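Here are my notes on this model, set out as numbered points. Please read them with the coordinates open.

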Amino acid sequence: MYNRNFKIVALAVVSVFFLQTFAQNNWNVPADKKAKNSYIKFDAASAGQGEAIYNKNCASCHGNPGKGNVQKTLNPIPPDLSSIGTQSLTDGELFYILSSGRGLMPNFKSMLSDEERWKVISYIRSFNKGYVQTLSKFDPNKAKLIKVSTNYDRKTAQVKVDVKVNEKSGIVALKNAEIGLFVTRYFGKLQIQKNQLTNADGQTVFDFPKDIPGDKTGTVELVVKLNDENYGEIESSTKLQLGVPTDKPALTDKRAIWGTLAKAPFWIILLYLAGVFAFGAVLLYLIFALNKIRKSGSNKPQ
Amino acid sequence: MSENQEKPKKRTRREFIQDLGIVGIGTLIGGSAIFAGVNYDKRKKAAERVKVLTAENEVMEVEKSELAKSAKPALENLTYLQQQGREGMAGKRFVMIIDLSKCRNARKCMAACNEAHHLRPEQHHINVLKMQDSANTPAYYMPKPCQHCDNPPCTAVCPVDATFKRQDGIVLIDNERCIGCRFCIAACPYSARVFNWAEPIHSLEDEGKVYNVELNVPQKKGTISKCLFSADRVREGKLPYCVSACPNGVYYFGDENEDAVTNGTTKETVRFRKLLEDNGGYTLMPELGTHPRVYYLPPKGKEYPFQEKDKEEARERLHNS
């Protein structure tokens with residue numbers, strides 16, 4: 001009896017260990033990301049919200065957790081997320097995988113916010129009865145203390161981002177904060193260069209390409225996304241005149257054969273009108289000629 | 001004879017002024033009577049009270065004279081939608097990029113499209129084709145929507161101006177004008193158009209809905225329907241139905257003027273021209289001079305196998321071409 005139990009436990013330990021190392025080898029999650037914890041409490045409410053996000057974005061490949069309906073035609077086959085392989089990963093690892101993606105697994109960095117990604121993880125964790133959450137000490141309200149200023153240097157074509165924190169002890173520069181610079185486009189935000197860390201003065205500099213189209217006056221909306229361990233995610237936008245002024249004519253401006261009647265080429269209009277007139281003229285001529293014949297007939301002396 | 005005839009009586013000035021006076025006073029009296037009548041009518045109407053239903057679902061009683069129409073009647077709405085749909089969005093030139101290396105025939109785009117535009121299952125605004133270009137080249141999946149050409153042959157042949165190109169590049173069809181001649185189907189080299197041969201799938205539920213030319217709903221039997229680049233979604237700044245439904249990151253959609261396209265799956269925005277340049281983007285049948293607004297990236301480095309069951313269809317297509 002004891003022997004059998006021992007075997008089961010040993011098998012479980014070995015398989016957990018194996019799966020864990022397997023998963024780790026697969027994803028190479030950096031140590032600091034692995035230790036990251038959620039500031040959102042994993043409860044029924046957050047899991048419920050996470051389920052809606054999961055069904056919309058994840059279920060098409062991963063299926064419903066525990067149901068075994070994963071998309072088996074894919075290579076590699078996506079794991080069932082209630083499986084021990086997934087559940088043995090830390091919250092930070094799950095968050096990293098969800099954020100960075102790889103191969104067929106898309107990254108959800110631009111698609112879901114930090115909060116939404118944690119909620120999905122909350123949903124995944126709801127399938128693990130033995131899971132106990134370690135909450136992050138992070139306070140999302142601290143984000144209000146941050147002040148981001150963005151300036152453009154025309155000479156060097158650089159955008160300088162300056163981050164200050166309004167702490168109780170006074171205004172201090174925020175160093176080692178992750179900064180991403182984006183330009184607002186109609187359907188999304190276009191990233192300029194890769195994310196950078198602020199230096200000791202809370203500053204970072206981006207080379208801004210000279211061929212980014214702006215509006216008619218060359219104005220573009222710059223968005224700075226800041227991500228800091230202690231202050232969370234902050235987004236600030238400024239409108240600056242650093243794009244190429246763009247005022248392209250409407251595609252229907254030119255007269256074309258496929259255009260509407262109002263935009264038909266002149267030669268078609270003229271040709272058509274000439275045709276109609278020519279036809280009318282021939283008809284009129286015929287009527288006149290016939291009338292002439294009739295008259296000459298009736299004028300005949302009897 | 002002429003002697004019997006009396007000379008026409010010449011009217012004196014006195015008589016003329018007399019007549020003028022009568023006419024003048026008559027007009028004055030008549031006018032004031034009409035004025036009084038209108039005023040009386042107004043007052044009478046003012047006293048009439050009517051019951052109205054507010055947006056909050058409360059029944060209120062107000063004087064009829066104080067009523068003003070706020071909701072547009074259906075016909076006015078239709079005209080408005082048609083006009084807005086015909087003009088398109090100023091300053092935009094929409095483009096789509098389809099990355100063939102990522103498509104694995106999930107057909108979620110087709111499902112989302114058919115649902116949005118109330119199409120029968122056999123009707124496709126967008127269709128994922130199984131392609132093989134020559135005997136030795138590998139087969140691949142190719143989603144094919146309307147190419148929204150800058151030189152569209154379909155609009156050139158329409159005899160009633162029902163199908164048209166907009167300033168933002170989108171080619172639409174107005175079912176209220178379409179006479180069902182199907183010239184455009186014959187003209188389109190990409191076979192992008194479908195015809196409503198049978199009664200549309202949701203025709204009962206759609207009855208009475210105002211026709212939206214940017215959505216093609218309600219569909220109408222005997223008219224053409226085609227891919228609209230989801231003009232209604234795009235107007236709201238959202239990605240098209242097919243683009244956002246794709247689970248594999250196949251589609252990019254954006255504005256050529258902004259030189260940016262956004263991936264429907266990852267929502268990542270990249271530069272339009274750079275994406276084409278880095279991946280060898282191309283258009284379908286460029287030799288026809290249609291200048292499509294849909295670009296393709298070649299099926300290089302595919303991460304999925306072409307399904308065995310689809311190979312037969314791909315071979316057939318090759319055989320028939």
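**Notes on the predicted model**

1. The interface. Chain B puts 35 residues in contact with 26 residues of chain A. On the chain B side, the elements giving two or more residues are α4 (153-157), β6 (163-165), β10 (251-255), β11 (260-263) and β12 (269-271). The largest share comes from β10(B), with 3 residues. By type, the chain B side that touches chain A divides into 13 charged, 12 polar and 10 nonpolar residues. This is a predicted model, and totals for interfaces use all residues.

2. Overall form of chain A. The radius of gyration of chain A is 35 Å, where a compact globule of 302 residues would have one near 19 Å. The C-alpha trace of chain A spans about 140 × 60 × 35 Å along its principal axes. Buried residues make up 23% of the 302 residues. Among contacts in chain A with a separation of 6 or more, 58% link residues 24 or more positions apart. The secondary structure of chain A comes to 8 helices and 8 strands.

3. Helix α6 of chain A. How much of this helix, residues 91-100, is buried? The count is 8 of the 10 residues, so α6(A) is largely enclosed by the rest of the structure. The buried residues are A:Asp91, A:Gly92, A:Glu93, A:Leu94, A:Phe95, A:Tyr96, A:Ile97 and A:Leu98. Just after the helix, A:Gly101 takes a positive phi of about 60°.

4. Strands β2 and β6 of chain A. These two pair in the antiparallel sense, over 5 bridges. A:Val159 stands opposite A:Phe206 in β6(A). Strand β6(A), residues 203-207, has two faces: A:Thr204 and A:Phe206 are on the covered one. A:Gln203, A:Val205 and A:Asp207 are on the uncovered one. A:Phe206 therefore belongs to the covered face as well as standing opposite A:Val159.

5. A backbone point in chain A. A:Ala157 has a positive phi of about 55°, although it is not a glycine. A:Ala157 lies in the loop between β1 (146-153) and β2 (158-167) of chain A. Buried, exposed or in between? A:Ala157 has 13 other C-beta atoms within 10 Å, so it is partly exposed.

6. Backbone points in chain B. B:Ser191 is a residue other than glycine with a positive phi, near 50°. B:Ser191 sits in the loop between α5 (183-187) and β8 of chain B. B:Ser191 is exposed, because 12 other C-beta atoms lie within 10 Å. Where is the cis peptide bond? That bond joins B:Val217 and B:Pro218, with omega about 0°. B:Pro218 is found in the loop between β8 (193-195) and β9 (224-226) of chain B.

7. B:Cys181. This cysteine is in the loop between β7 (171-173) and α5 of chain B. B:Cys181 has 14 C-beta neighbours inside 10 Å, so it counts as partly exposed. B:Val160 is 21 residues away along the chain, and the two C-alpha atoms are separated by 9.7 Å.

8. Nonpolar cores. The largest core has 79 residues, and B:Ile97, B:Cys242, B:Tyr251 and B:Val261 touch the most other members. Strand β3 of chain B, residues 94-99, gives the most to this core, with 5 residues. Apart from it lies another core, of 18 residues, including A:Val29, A:Tyr54, A:Trp118 and A:Val120.

9. Contacts of B:Ile97. Which residues does B:Ile97 touch, not counting those up to four places away in sequence? They are B:Tyr252, B:Val261, B:Leu275, B:Leu276, B:Gly281, B:Tyr295 and B:Leu297. B:Val261 also appears with B:Ile97 among the core members that touch the most others.

10. Domains of chain B. The domain assignment gives domain 1 (13-66) and domain 2 (75-320). The C-alpha centres of these two domains of chain B lie 58 Å apart.

Note on methods
Residues are numbered from 1 along each chain as its sequence is written. Chains are lettered from A and ligands numbered from 1 in the order in which they are written. This is a predicted model: local features need pLDDT of at least 70, side-chain atom pairs count only at pLDDT 80 or more; totals for chains, interfaces and linings use all residues. A residue is buried if 20 or more other C-beta atoms lie within 10 Å of its own, exposed if 12 or fewer, and partly exposed in between; C-beta atoms are placed from the backbone. Helices (H or I, at least four residues) and strands (E, at least two) are DSSP runs, numbered from the N terminus. Domain bounds come from an automatic or database domain assignment. Two residues are in contact if their C-beta atoms, placed from the backbone, lie within 7 Å. Ala, Val, Leu, Ile, Met, Phe, Trp, Tyr, Cys and Pro count as nonpolar, Asp, Glu, Lys and Arg as charged, and the others, Gly among them, as polar. A nonpolar core is a set of buried Ala, Val, Leu, Ile, Met, Phe, Trp, Tyr and Cys residues joined through C-beta atoms within 7 Å. Two strands pair if DSSP finds at least two bridges between them. The radius of gyration is taken over C-alpha atoms; the globule rule is 2.2 Å times the number of residues to the power 0.38.
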